[in-house]
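Open the structure in your viewer and keep the sequence beside it, so that you can select residues by number as you read. The tour moves from stop to stop, and each stop tells you what to select and what is there.

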Amino acid sequence: MEAGRNSAGTGAGVTPPLEAEITRTECKQCGSEVSGLNGRFACTLCGWCNHWSEGHSELPAAEDDPDYPG
Ligand SMILES: [Zn+2]
């Protein structure tokens, strides 16, 4: 019986961002090394995160969200 073996949750169909670059910085709060994408960081140790505007790329607009109510 293999029912449901290849169902959702395998990551199929998930497209990574075209210009996703892994970047590193020092946490401004606890000083540990933090990895992020495109200049946006969130520290898993202390919860620090930088401001979205410090990112290297444009964020998608609300209209680009598939769930945008219109
Ligand atoms: Zn931190």
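**First stop: L45**

Select L45, which counts as exposed because 12 C-beta neighbours lie inside 10 Å of it. The term depends on a count of other C-beta atoms within 10 Å of a residue's own, where 20 or more make the residue buried, 12 or fewer make it exposed, and anything in between makes it partly exposed, with the C-beta atoms placed from the backbone. Before you go on, note that this is a predicted model, in which local features need pLDDT of at least 70 and side-chain atom pairs count only at pLDDT 80 or more, while totals for chains, interfaces and linings use all residues. Residues are numbered from 1 along each chain as its sequence is written.

L45 sits in the segment after strand 2, and if you leave out residues up to four places away in sequence, L45 touches C30 and S32. Here, two residues are in contact if their C-beta atoms, placed from the backbone, lie within 7 Å. Now add E33 to the selection: E33 and L45 are 12 residues apart in sequence, and their C-alpha atoms are 9.9 Å apart in space.

**The whole protein**

Show the whole protein as a cartoon, and you should find 0 helices and 2 strands. Both terms refer to DSSP runs, numbered from the N terminus, with helices being H or I runs of at least four residues and strands being E runs of at least two. Of the 70 residues of the protein, 4% count as buried.

**The two strands**

Next, select residues 22-26, which make up strand 1, together with residues 33-37, which make up strand 2. The two strands pair in the antiparallel sense over 5 bridges, and for strands to pair, DSSP must find at least two bridges between them. Strand 1 and strand 2 form a hairpin with 6 residues between them, and in the turn you can pick out G31, which has a positive phi of about 85°. How many of the 5 residues of strand 1 are buried? The number is 0, so strand 1 lies largely in the open.

**Along strand 1: I22 and T25**

Within strand 1, select I22, which stands opposite L37 in strand 2. I22 is exposed, with 8 other C-beta atoms within 10 Å. Apart from residues up to four places away in sequence, I22 touches S35 and L37, and the C-alpha atoms of I22 and S35, 13 residues apart along the chain, are separated by 6.9 Å.

Then move to T25, also in strand 1, which counts as partly exposed because it has 15 C-beta neighbours inside 10 Å. Leaving aside neighbours within four places in sequence, T25 is in contact with V34 and F41. T25 and R40 are 15 residues apart in sequence and 9.4 Å apart in space, C-alpha to C-alpha.

**Last stop: N38**

Finally, select N38, in the segment after strand 2. N38 has a positive phi of about 55° although it is not a glycine. Most residues other than glycine have a negative phi. With 17 C-beta neighbours inside 10 Å, N38 counts as partly exposed.
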